[in-house]
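Student: I should like to examine this model by way of short questions, each argued through to a value or a name. May we begin with a single residue and then widen the view?

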Amino acid sequence: MAWNHKEEFGLVWDYAHELRSKMLGSTIKMVVQRVTVDSLPHFKRYYICFDALKRGWKARCRLLIRLDGYFLKGPFKNKFLTAVRRNANNQMFPITWAVVEIECTDSWSWFLSLLSTDLGLEDRYGYTIISDQQKTRAFLGATCKSDIVDNNLREAFNSSIVETRFKSIIKMLEDIRTKMTTRIVQKKKLCNGWKQNYGPLVKAKFDANKKDYVEWQLIWYGENGYELRNESYQYTVDLSQRICSCRSWQISGIPCSYACAAMYHLGLQPDEYKHKYYHIDTYKKAYSFLMQPINRPHDWEITCIQPVLPAIERKMSGKPKKNRRMAKNEPKKLKPGHLSRKGLLMTCTQCG
């Protein structure tokens with residue numbers, strides 16, 4: 001791809017047409033903005049949801065979606081919106097992404113409307129949406145939880161595209177498409193080496209829960225009711241309903257240490273109580289749909305649509321922020337040689 005950045009925008013229609021013709025069943029949407037003065041089309045938004053990823057979502061792993069927005073660092077300063085979920089090995093599974101002109105209520109509503117249609121979320125039942133964006137809270141009547149619940153999912157996806165975000169529009173989208181293509185193949189082969197019927201990351205978390213149960217005092221109330229105590233805490237477990245008052249079991253689908261203690265008391269195996277989301281068959285279904293190759297730009301079909309100009313730059317009001325937004329419970333980083341004032345009793349220098 002030897003064209004300059006402005007020439008590249010003239011090919012976005014042809015790129016969209018190439019993706020639609022090769023990735024049947026995929027959703028490729030582009031929105032242009034016409035300026036009143038010259039009535040020429042300027043790039044505004046671009047949405048992509050590949051059929052392979054869409055069908056992988058419908059394989060029904062965890063019904064949890066992580067929404068995020070990132071700044072693009074290339075020649076044009078757009079925003080990159082993403083929807084990611086976890087696979088059966090507790091790793092990220094990208095679903096859709098979009099390039100928008102700015103992060104606002106209108107752009108998020110547009111993105112979520114397309115996402116809802118693609119994934120069939122119209123029934124609004126059973127889905128958990130995690131976001132640090134206040135604008136998405138009321139959309140679709142969904143409950144958006146704090147980003148500290150699943151922040152590592154955000155960091156995993158961000159690290160995979162950090163270099164790509166410095167490129168221009170088509171080069172960036174092509175890099176991400178290539179990454180997703182190879183990722184599906186790699187993950188599909190990965191489960192061949194699993195020794196259990198669930199992944200190694202899930203096993204590590206599960207093993208830790210199984211070991212921690214010895215620290216707790218167990219009181220059995222008959223049937224499936226248990227009470228777990230130590231010096232400072234106390235939890236209740238109901239095996240018949242598969243719930244624990246710590247809520248870790250309900251949220252993750254993996255029996256917590258308190259539930260494991262109750263199971264061992266009855267001679268049960270905790271492995272039989274983990275959620276089906278983590279089963280190897282669920283993992284294989286998610287990666288059973290492959291992407292299709294596309295041609296290089298010189299072989300793209302000419303769509304005869306008027307070339308698109310670069311996006312119109314929009315400046316946000318106020319002073320630009322240099323530092324990222326801190327999580328609610330994330331400790332502040334101190335400068336070398338400085339001490340935290342947290343917990344320090346402050347007194348007046350005049351009267352003491």
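Student: Is Arg-242 buried, partly exposed or exposed?

Tutor: The model is a predicted one. The relative accessible area of Arg-242 is 40%. Buried requires under 20% and exposed requires over 50%, so at 40% the residue Arg-242 is partly exposed.

Student: Where is Arg-242 found, and what is its phi?

Tutor: Arg-242 is found in the loop between β10 and β11. It is a residue other than glycine, yet its phi is positive. The value is near 55 degrees.

Student: Which residue in the loop between β11 and α8 (248–252) should be set beside it?

Tutor: The residue in question also has a positive phi, of about 70 degrees, although it is not a glycine. Its place is in the loop between β11 and α8. That residue is Arg-247.

Student: In what order do the strands of the open sheet lie?

Tutor: The sheet has four strands, and their pairing is antiparallel. β8 (217–220) and β11 (243–244) stand at the edges, each with a single partner strand, so each has one side without a neighbour in the sheet. The order is β8-β9-β10-β11.

Student: Which residue of β10 stands opposite Glu-227?

Tutor: Strand β9 covers residues 225–229 and strand β10 covers residues 234–238. The two pair in the antiparallel sense over five bridges. Opposite Glu-227 stands Thr-236.

Student: Which residues does UniProt list for "domain: SWIM-type", and how far apart are the end C-alpha atoms of that range?

Tutor: The unreviewed UniProt entry lists residues 235–267 under that name. Over this range the chain is 42% helix and 18% strand. Its end C-alpha atoms are separated by 20 Å.

Student: How many of the nine residues of β5 are buried?

Tutor: β5 pairs with β4 in the antiparallel sense over eight bridges, and three bridges join it to the antiparallel strand β2 (residues 41–49). Tyr-46 stands opposite Val-99 in β5, while Lys-79 stands opposite Val-100. Strand β5 is largely enclosed by the rest of the structure, because the number of its residues that are buried is nine.

Student: Which residue in the turn of the hairpin of β4 and β5 has a positive phi?

Tutor: β4 (79–86) and β5 (92–100) are separated by a loop, and the hairpin has five residues between its strands. The phi in question is about 65 degrees. The residue is Asn-90.

Student: Is Asn-90 buried or exposed, and what does it contact?

Tutor: Buried means under 20% relative accessible area; Asn-90 has 17% and therefore counts as buried. Leaving aside neighbours within four places in sequence, its contacts are Arg-62, Val-202, Lys-205 and Tyr-278.

Student: What distance separates the end C-alpha atoms of helix α7?

Tutor: Helix α7 has 13 residues, 200–212, and at 1.5 Å a residue these should span 18 Å. The distance in the model agrees with that expectation. It is 19 Å.

Student: Within what arc do the buried residues of α7 fall?

Tutor: The buried residues of α7 are Val-202, Phe-206, Asn-209 and Lys-210. Seen down the axis, they line one face of the helix, because they fall within an arc of 100 degrees.

Student: Which exposed residues lie on the face of α7 turned away from its buried side?

Tutor: The buried side has a cover that includes α9 (257–265). The face turned away from that side carries the exposed residues Ala-204 and Lys-211.

Student: Which residues touch the most other members of the largest nonpolar core?

Tutor: This core has 65 residues. Apart from it lies another core, of 15 residues, which includes Leu-228 and Val-237. In the largest core, the residues that touch the most other members are Tyr-46, Phe-80 and Phe-111.

Student: How far apart in space are Ser-131 and Asp-68?

Tutor: Ser-131 lies in the loop between β6 (128–130) and β7 (144–145). With a relative accessible area of 7%, Ser-131 is buried. It and Asp-68 are 63 residues apart in sequence, but their C-alpha to C-alpha distance is 6.4 Å.

Conventions. Residues are numbered from 1 along each chain as its sequence is written. This is a predicted model: local features need pLDDT of at least 70, side-chain atom pairs count only at pLDDT 80 or more; totals for chains, interfaces and linings use all residues. Side-chain values use heavy atoms; hydrogens and water are left out. UniProt positions are given in the numbering used here, feature names are shortened, and annotations may be inferred rather than shown by experiment. Buried means under 20% relative accessible area, exposed over 50%, partly exposed in between (1.4 Å probe, protein chains only). Contact means heavy atoms within 4.5 Å. The expected span of a helix is 1.5 Å times one less than its number of residues. The arc is that of the directions from the helix axis to the C-beta atoms. Two strands pair if DSSP finds at least two bridges between them. A nonpolar core is a set of buried Ala, Val, Leu, Ile, Met, Phe, Trp, Tyr and Cys residues joined through side-chain atoms within 4.5 Å.
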